[in-house]
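Work through the exercises below with the sequence and the structure at hand. Each task is followed by its solution.

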Amino acid sequence: MREIDSSVIRDTVCALTIKADYILPDEVLRLIKNESDGTLPGTLCGSIAENAVISAEGKYPICQDTGMVTVYAEIGQDVHINGSFTDAVNAGVRDASEKGYLRRSVVADPFDRVNTGDNTPAVIYTDLVGGDGIHLTVLPKGFGSENKCAVRMLNPSDGVDGAVEFAVSAAVSAGASACPPMFIGVAVGGTFDGCAVLSKKALLMPEHEPTELEKRILDGINARGSGVQGMGGKTALRVNAIRYPTHIAGLPVAVCICCHACRHAEATI
């Protein structure tokens with residue numbers, strides 16, 4: 001049994017939160033740069049890429065909306081954590097807010113709207129896995145795009161065409177409000193809540209050869225969308241889709257829309 005002090009988790013979450021808010025993943029930045037050309041949408045993509053480079057080099061947040069933090073933790077079954085895991089994660093987010101000069105965007109109650117003052121609490125998902133380590137992934141997501149996410153309980157008879165149409169419509173209806181070019185996570189299957197969770201987790205999928213489902217959704221979005229910042233060109237740069245077993249009576253589909261700042265960082269303790 002390996003002992004890990006909660007302070008290590010706190011410090012790791014702090015570092016990852018700051019890193020994610022300052023530095024775009026290489027593959028995300030590359031996809032944005034690939035769209036840079038002499039057209040108006042290409043020029044906008046060039047400016048977005050330049051902003052990301054300046055942020056990384058100068059250690060500034062990529063966007064003024066530094067997001068609400070989601071933390072995915074894969075915890076080895078041979079690990080004993082000294083202290084509270086949840087408290088450690090929230091302490092890390094709190095420290096990152098202070099040390100990284102990240103905007104305080106979380107309110108304690110959705111109706112009273114009183115700011116917590118430190119970006120906590122985070123949304124935390126844990127999976128128990130084999131081994132004696134902890135793998136942490138931090139995904140801070142702004143609400144310009146979060147507000148455009150959607151989930152729908154389709155009928156099984158709606159099939160692939162219905163799932164594609166819903167995903168495309170959700171992304172297209174987001175318009176320029178979600179700061180395109182966008183990255184899209186789609187989940188099909190599971191339950192109402194599980195499908196939504198999987199759609200956001202889909203944003204973290206590594207680069208891969210697109211599936212037929214991913215191609216259809218991406219092509220549909222770019223054929224009907226308003227483009228980069230609503231100015232033409234590609235509305236979405238990548239679609240990642242997850243399929244999961246579901247009930248005989250259901251076809252849940254969730255669409256997680258992310259702006260061009262598809263931010264995340266990960267580390268293993």
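**Exercise 1.** Locate Pro121 and state the geometry of the peptide bond from Thr120 to Pro121.

Solution. In this predicted model, Pro121 sits in the loop between α4 (85-99) and β4 (123-129). The bond that joins Thr120 to Pro121 is cis, with omega near 5°. Another cis bond runs from Pro180 to Pro181, with omega near 20°. Pro181 belongs to the loop between α6 and β7. As background, most peptide bonds are trans.

**Exercise 2.** Give the sign of phi for Tyr101 and for Arg113, then classify the exposure of each residue.

Solution. Tyr101 is in the loop between α4 and β4, and its phi is near 55°, a positive value. Arg113 is also found in the loop between α4 and β4; phi of Arg113 is near 65°, again positive. Most residues other than glycine have a negative phi. For exposure, the cut-off is over 50% relative accessible area. Tyr101 has 70% and therefore counts as exposed. Arg113 has 55%, so Arg113 is exposed.

**Exercise 3.** Describe the largest nonpolar core and the contacts of Ile217.

Solution. The largest nonpolar core has 25 residues. Among those with the most contacts inside it are Ile184, Ile217 and Val253. At least two residues each come from α6 (159-174), β7 (182-190), α8 (212-224), β8 (236-246) and β9 (251-258). The largest share, eight residues, is supplied by α6. Leaving aside residues up to four places away in sequence, Ile217 touches Val164, Ala167, Val168, Val186 and Val239. A second, separate core has 21 residues, including Ile75 and Phe85.

Technical notes:
Residues are numbered from 1 along each chain as its sequence is written. This is a predicted model: local features need pLDDT of at least 70, side-chain atom pairs count only at pLDDT 80 or more; totals for chains, interfaces and linings use all residues. Side-chain values use heavy atoms; hydrogens and water are left out. A nonpolar core is a set of buried Ala, Val, Leu, Ile, Met, Phe, Trp, Tyr and Cys residues joined through side-chain atoms within 4.5 Å. Buried means under 20% relative accessible area, exposed over 50%, partly exposed in between (1.4 Å probe, protein chains only). Helices (H or I, at least four residues) and strands (E, at least two) are DSSP runs, numbered from the N terminus. Contact means heavy atoms within 4.5 Å.
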